[in-house]
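Student: Before any details are discussed, may the sequence and the model be displayed? I should then like to put some questions, one residue or element at a time.

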Amino acid sequence: MTTNDAPAFSVLGTTAVLFEAPGREMTLATQQRIWSLAHEAQEWPEVREAVPGMNNLMLALARPPRDLAGLRDRMLERWESVAPMTREGRVVDLPVVYGGDGGPHMADVVAHTGLGVDDIVDLHSTPVYPVYALGSHPGYCYLGGMDARIATPRRKVPVLSIPGGAVSIGGFQTGVSGSAGPSGWNTIGSTRMCFFDPSQEVPALLQPGDAIRFRVEKVIR
């Protein structure tokens, strides 16, 4: 068994631990097991919060663990037996303006993939993208399901600030910025949808298990 075939367990400070699922591919089946493990671990007496990420699960603990090895063994054992959790969430349509000032890196994706703008827009807007996890900044959704033909490496020099609603590609993933901030991804379009409103009872618009479908509002060349 190689390192990539086995789960990993590490300590984050004195009151948190990180479980990482085996393998480098981010699949919905793996993520569903992460959701299930998070749901289970949330009921463990020493766990204050279980936070699912992409291919990983962080446990915030109520206090420094007395039996770290026991906690590790329990997580590894439950990973082997836990059943995937399916979630029938909402599908949210996002109107996107591709290219133009709101998509300043479309030309970079064209140059890397060798595809035309229309092909990139078509391939990007065809799938229904499941929300795997929330993170990075408030309201941000990590999505699965992007067509590998438009995969583009992250930028060597990050952009200091992109606006909320920026639609971007980073490696084999795509995402939408929930708020303004720095980014190392390639921004190909924008949407006016608001993903995070702290005045609401549930501030984040989407949750793991929901899905996004990008709708082409306009293409600016």
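Student: In which helix is the place of Gln32?

Tutor: The model is predicted, so local features need pLDDT of at least 70 and side-chain atom pairs count only at pLDDT 80 or more, while totals for chains, interfaces and linings use all residues. Residues are numbered from 1 along each chain as its sequence is written, and side-chain values use heavy atoms, with hydrogens and water left out. Helices (H or I, at least four residues) and strands (E, at least two) are DSSP runs numbered from the N terminus. On that basis, Gln32 belongs to helix α1.

Student: Is Gln32 buried or exposed?

Tutor: A residue is buried under 20% relative accessible area, exposed over 50% and partly exposed in between, for a 1.4 Å probe and protein chains only. The relative accessible area of Gln32 is 14%, and therefore Gln32 is buried.

Student: With which residues is Gln32 in contact, leaving aside its neighbours within four places in sequence?

Tutor: Contact means heavy atoms within 4.5 Å. With the sequence neighbours within four places left aside, the contacts of Gln32 are Pro84, Met85 and Thr86.

Student: How far apart are the end C-alpha atoms of helix α1?

Tutor: The expected span of a helix is 1.5 Å times one less than its number of residues. Helix α1 covers residues 28-41, which is 14 residues, and should therefore span 20 Å. The model agrees with this expectation, as the end C-alpha atoms of α1 are separated by 20 Å.

Student: Against which elements do the buried residues of α1 pack?

Tutor: The buried residues of α1 are Thr30, Gln31, Gln32, Ile34, Trp35, Ser36, Leu37, Ala38 and Ala41. They pack against β2 (16-20), β3 (47-53), β4 (56-61), α2 (68-81) and β6.

Student: In which strand does Leu57 lie, and with which residues is Leu57 in contact beyond four places in sequence?

Tutor: Leu57 lies in strand β4. Its relative accessibility is 0%, and therefore Leu57 counts as buried. Beyond four places in sequence, Leu57 is in contact with Val17, Leu18, Phe19, Ile34, Leu37, Ala38, Ala50, Val51, Pro52 and Met75.

Student: Where is the place of Asn55?

Tutor: Asn55 is not a glycine, yet its phi is positive, at about 65°. Its relative accessibility is 9%, and therefore Asn55 counts as buried. Its place is in the loop between β3 and β4.

Student: Which element gives the largest share of the largest nonpolar core?

Tutor: A nonpolar core is a set of buried Ala, Val, Leu, Ile, Met, Phe, Trp, Tyr and Cys residues joined through side-chain atoms within 4.5 Å. The largest such core has 24 residues, of which Leu94, Tyr98, Leu143, Ile188, Leu206, Ile212 and Phe214 touch the most other members. Two or more residues each come from β5 (91-99), α3 (106-113), α4 (117-125), β6 (129-134), β7 (141-143), β9 (166-170) and β13 (211-220). The largest share, four residues, is given by β5.

Student: How many residues does the other core, apart from this one, have?

Tutor: Among the members of that other core are Phe19, Leu37, Ala38 and Ala41. Its number of residues is 16.

Student: At roughly what angle do the axes of α3 and α4 cross?

Tutor: Axes are lines fitted to C-alpha atoms, for helices over the stretch in contact, and angles run from 0 to 180 degrees between N-to-C directions. Angles under 35 degrees count as roughly parallel, over 145 as roughly antiparallel, 65 to 115 as roughly perpendicular and the rest as oblique. The helices α3 and α4 are therefore roughly perpendicular to each other. Their axes come within 10 Å and cross at roughly 95°.

Student: How many residues of the contact of α3 with α4 are nonpolar, polar and charged?

Tutor: The contact is made by Met106, Val109, Val110 and Thr113 of α3 and by Val117, Ile120 and Val121 of α4. Ala, Val, Leu, Ile, Met, Phe, Trp, Tyr, Cys and Pro count as nonpolar, Asp, Glu, Lys and Arg as charged, and the others, Gly among them, as polar. The contact residues thus divide into six nonpolar, one polar and no charged.

Student: In which strand does Asn186 lie?

Tutor: At 3% relative accessibility, Asn186 counts as buried. The strand in which Asn186 lies covers residues 186-190 and is β12.
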